[in-house]
Amino acid sequence: TDPKTGLANSSYWREVAERELARARGGREPLAVLLVDIDHFKDVNDRYGHLVGDDVLRAVSNGLTHGLRPRDFVGRFGGEEFVVLLTGSDLEQAKHAAERIRSHVADLSVEASNRREPVQVTISIGVAAFRDSGHSLHELHVAADTALYAAKHAGRNCVRVAEGARQQVLDLTSDAGRVIDLRSQRTPID
């Protein structure tokens, strides 16, 4: 267990995810992974201090479970990055779950222990689905990470979905639903 958030630590999350992935393979069931990052978290720590940063981590951790089913599994990957395993969810269901989580966290007001006014943060989420985005936990993580990178590149506080083995990402904010091949568009993010 992660001591700051009470969520599964990355080792235990991977252990459970590998077990669920094997079950999905055997039963032909869907499964999806969400990679979540708190936007501008370094600025929170720099501006308000690490105690407030810890309050934000705890509040976001609690917010990540909003609207999830008991069988879904949330873990802290490290720093301000979290991972969510959605068993029995296909890409479309995972996309909707991610948007519910993103919206809920954006509406949170974090009561910080040493501040009068609450702190507000947003999250960016990358979504990857078993078979659609990869066949191993590593491939799903890479696909979700690529989609998360696209969300950060798109201005943060949004969800992006990895599609296909080429690591293409569906831009959910575009009216046309354009597809971007991110391998040719990686540039540093501030």
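**Group meeting: a walk through the fold**

Okay, starting with the outside: the chain has an accessible surface of about 9400 Å², and 47% of that belongs to carbon and sulfur atoms. Keep in mind that this is a predicted model.

Now the layout. There are five helices and seven strands in the chain. Reading from the N terminus, the elements go α-β-α-α-β-β-α-β-α-β-β-β. Of the 190 residues, 49% are buried. And if you take contacts between residues at least 6 apart in sequence, 64% of them join residues at least 24 apart.

So what's inside? The largest nonpolar core has 35 residues. The ones with the most contacts inside that core are Leu34, Ile38, Val56, Val60, Ile123, Ile125 and Val127. Which elements give two or more residues to this core? On the helix side, that's helix 2 (41-48), helix 3 (50-64) and helix 4 (91-106). On the strand side, you've got strand 1 (31-38), strand 3 (81-87), strand 4 (123-129) and strand 5 (159-163).

Take Val60 as a way in. Leaving out neighbours within four places in sequence, Val60 is in contact with Ile38, Phe82, Val105, Val121 and Ile123. Apart from the largest core there's another one, with 22 residues, including Phe77, Leu85, Leu137 and Leu148. As a general point, nonpolar side chains in soluble globular proteins tend to be buried together.

Next, helix 2. Its buried residues include Phe41, Val44, Asn45 and Tyr48. Why do the buried residues line one face of the helix? Because, looking down the axis of helix 2, they fall within an arc of 100°. Among the elements covering those buried residues are strand 1 and helix 3. Turn to the face pointing away from the buried side and you find Lys42, Asp46 and Arg47, which are exposed. After helix 2 comes Gly49, with a positive phi, near 100°.

Last stop, Thr5. Thr5 sits in the segment before helix 1 (10-27). Is Thr5 buried or exposed? The relative accessible area of Thr5 is 12%, and the cut-off for buried is under 20%, so Thr5 is buried. What does its side chain do there? The side chains of Thr5 and Asp2 are joined by a polar contact of 2.6 Å. The Thr5 side chain also reaches the backbone nitrogen of Leu7, at 3.2 Å. Setting aside residues up to four places away in sequence, Thr5 touches Leu57, Arg58, Ser61, Arg76 and Phe82. Phe82 is a name you've heard already, as a contact of Val60.

Terms used:
Residues numbered from 1 in each chain as written. Predicted model: local features only at pLDDT ≥ 70, side-chain atom pairs only at ≥ 80, totals over all residues. Heavy atoms only, no water. Helix = DSSP H or I, 4+ residues; strand = E, 2+ residues; numbered from the N terminus. Buried < 20%, exposed > 50% of the residue type's maximum accessible area, 1.4 Å probe, protein only. Polar contact = N/O pair within 3.5 Å; in protein donor to acceptor, adjacent residues only side chain to side chain. Contact = heavy atoms within 4.5 Å. Areas by Shrake-Rupley, 256 points an atom, 1.4 Å probe, with all protein chains shown as cover. Core = buried A, V, L, I, M, F, W, Y, C linked by side-chain atoms within 4.5 Å. Arc of directions from axis to C-beta.
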